[in-house]
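The exercises below are meant to be worked with the coordinates open beside the text. Each begins with a task and continues with a solution in steps.

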Amino acid sequence: MSVDMASERDLLSTEIVNNGIESSGPNAGSLTFSVRVRRRLPDFLQSVNLKYVKLGYHHLINNAIYLATIPILVLVFSAEVGSLSREELWKKLWFDARYDLATVLGFFGVFVFTLSVYFMSRPRSIYLIDFACFRPSDDLKVSKEQFIELARKSGKFDEQSLEFQARILNSSGLGNETYIPKSVITSTENTATMKEGRAEASLVMFGALDELFEKTKVRPKDVGVLVVNCSIFNPTPSLSAMIINHYKMRGNILSYNLGGMGCSAGIIAIDLARDMLQANPNNYAVVVSTETVGYNWYPGSDRSMLVPNCFFRMGCSAVLLSNRRCDYHRAKYRLEHIVRTHKGADDRSFRCVYQEEDEQRLKGLKISKELVEIGGEALKTNITTLGPLVLPFSEQLLFFATLVSRHLFNKEGSQLSLSSGKQSRPYIPDFKLAFERFCVHAASKTVLDELQRNLELSDENMEASRMTLHRFGNTSSSSIWYELAYMEAKEKVKRGDRVWQLAFGSGFKCNSIVWRSMRRVRKPSRNPWLDCIERYPVMN
């Protein structure tokens, strides 16, 4: 019982919050404080599920078995050939084969056929040519104080709701230069209209795509695959149809529109584009990731629905992918791995981010208090599957040996832990040995703090995520691209660097994507950070 209570306490963290001067009541005029108790991200390294490690090793072995046999064959062939002199080798090849030409031709035919099948069945390399992130105009920029003032002027929020939003903003990690739509800034009416949604979507999507096509010199008619993801706003015709109509793209384009898939949908869209490129050689694919803020603006008083108002801000990314071998030399990155995790079978996970109406029938996005804990469980599964694909062999061996020993001696270990009141800590894989650059979805300061603590990442590893949250806020599925843009603006990406993009969202889903840099990336001529990069990093 005491052990259970101790482990429960380990999942809780406390924070003293300054509530300001009390305006009414018996304590009017005095400074008041409150203690906020939160659940930490669970220590998922204590409860890694062996089946997910097996899944990761299964993928690794399936892809590596063919390459593992090649060195053996080469070694045997080299030993055989090395034992012969040049004259003996020539005699064996010519004089012996002269009398059995059919055997030689048959062997050669089998060799050519095997080689052809191997190269034809190999997955095509997927290259990232370039990407663009939309930077809104300065007239859409709001500080935290302006945000609260706009909310007060709208007349939609009572004083308690305004105070709650102010407290959330002060501890959010957001800076004073984030962007919200004009409909939210200037209108006191309902912003969740189809007209306002289309206007915001057009602004951010066309802005990002114009920059992408300009940077890559690719014509819209050359694009064969288009994937758009936007979780909340899904009009008819779709957002992908809006893009095709605006740029007059070709009639046989393969277009897809993903909705309701949350902040991790950008990686899902890349995965879909990859599959389409594998089935359609010599093609370009464009992936657009965005979210509409005004269409999901919540004007009520339910605190769990007010949280998205405080964090989500305008943003959009557009990525150009290619499977054409001639693009090898101009590509920035090559796609290495995608690992997707879905926890939707669990009811708690399914409802932790849920769109619904409140008691006044006002639509909003409800955020569960268990979000951090549920996200930790999904992350645990995802990185346990990803580990065997990316970690050095020494790290894999230590981690796997520790994990197996814990399972084999589970009963004995549990007896010892109960008697001592402590749990033995497993070996924690060092993901800094697998990746040089980290792009963790900038959801909130609390989430980033817990991820950094559990994955034992350095401040430098988390810099891009924290600065993106500070400068642009939570831009949903496009945030990982603003983070990569930050690294490029700082000229941190070098040839051969492995980039890990990690995102999570409603459902509940946690997805990882790994890129390898093809060259040293110089500061781009167009980048959302160029006007402010010298001021970063800032203390947050």
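**Exercise 1. Aromatic pairs**

Task: In this predicted model, establish how many aromatic pairs the structure holds, and classify the geometry of the pair formed by Phe147 and Trp297.

Solution. The count comes to 18 aromatic pairs in the structure. For Phe147 and Trp297, the ring centres are 5.6 Å apart and the planes stand at 65°; since planes over 60 degrees apart count as edge-to-face, the pair is edge-to-face. The next step is to place the two residues: Phe147 belongs to helix H5 (residues 144-154), whereas Trp297 lies in the loop between E8 and helix H11 (303-311), so the contact ties together parts that are 150 residues apart in sequence. The last step concerns accessibility, where buried means under 20% relative accessible area: Phe147, at 2%, is therefore buried, and Trp297, at 10%, is buried as well.

**Exercise 2. A pair with a charge over one ring**

Task: Classify the pair of Phe350 and Tyr354, and determine which residue lies over the face of Tyr354.

Solution. The centres of Phe350 and Tyr354 are 6.0 Å apart and the angle between the planes is 70°, which again gives an edge-to-face pair. Phe350 has a relative accessible area of 43% and is partly exposed, and Tyr354, with 25%, is partly exposed too. The residue over the face of Tyr354 is Arg351, at 4.0 Å from the ring centre. A further arrangement of this kind involves Lys363, whose charged end sits over the ring of Tyr295 at 4.2 Å from its centre.

**Exercise 3. The sheet**

Task: Work out the strand order of the open sheet, and explain why E7 and E13 each have one side without a neighbour.

Solution. The sheet is open and consists of 9 strands in the order E7-E6-E8-E9-E3-E10-E15-E14-E13, with mixed pairing. Strand E7 (254-258) and strand E13 (437-440) stand at the edges and have a single partner strand each, so one side of each lacks a neighbour in the sheet. From one strand to the next, the twist averages 20°. To examine one pairing within the order, take strand E6 (residues 223-230) and strand E8 (residues 284-290), which run parallel and are joined by 7 bridges; Val228 has Val288 in E8 as its bridge partner.

**Exercise 4. Two packed helices**

Task: Determine whether H8 is parallel or oblique to H9, and assign the hand of the crossing.

Solution. The axes of helix H8 (residues 194-216) and helix H9 (residues 239-247) are 11 Å apart, and the helices pack at an angle of about 55°. That angle makes H8 oblique to H9. The crossing in which H8 passes H9 is right-handed.

**Exercise 5. Backbone exceptions**

Task: Locate the cis peptide bond at Phe508 and the one at Pro537, then describe the positive phi values of Asn282 and Arg361.

Solution. Gly507 and Phe508 are joined by a cis peptide bond with omega of about 10°, and Phe508 lies in the loop between strand E14 (498-505) and strand E15 (509-517). Tyr536 and Pro537 are likewise joined by a cis peptide bond, with omega of about 5°, and Pro537 is found in the segment after E15. Turning to phi, Asn282 has a value of about 55° although it is not a glycine; Asn282 lies in the loop between helix H10 (265-279) and E8 and is exposed at 54% relative accessibility. Arg361, also a residue other than glycine, has phi near 65°; Arg361 lies in the loop between strand E11 (353-357) and strand E12 (363-367) and, at 67% relative accessibility, is exposed.

Conventions
Residues are numbered from 1 along each chain as its sequence is written. This is a predicted model: local features need pLDDT of at least 70, side-chain atom pairs count only at pLDDT 80 or more; totals for chains, interfaces and linings use all residues. Side-chain values use heavy atoms; hydrogens and water are left out. Two strands pair if DSSP finds at least two bridges between them. Helices (H or I, at least four residues) and strands (E, at least two) are DSSP runs, numbered from the N terminus. Axes are lines fitted to C-alpha atoms, for helices over the stretch in contact, and angles run from 0 to 180 degrees between N-to-C directions. Rings of Phe, Tyr and Trp (its six-membered ring) pair if their centres lie within 6.5 Å; planes under 30 degrees apart count as stacked, over 60 as edge-to-face and the rest as tilted. Buried means under 20% relative accessible area, exposed over 50%, partly exposed in between (1.4 Å probe, protein chains only). A charge sits over a ring if NZ of Lys or CZ of Arg is within 6 Å of the ring centre and within 35 degrees of the ring normal. Angles under 35 degrees count as roughly parallel, over 145 as roughly antiparallel, 65 to 115 as roughly perpendicular and the rest as oblique. A crossing is left-handed if the near helix is turned anticlockwise from the far one by less than a right angle, and right-handed if clockwise.
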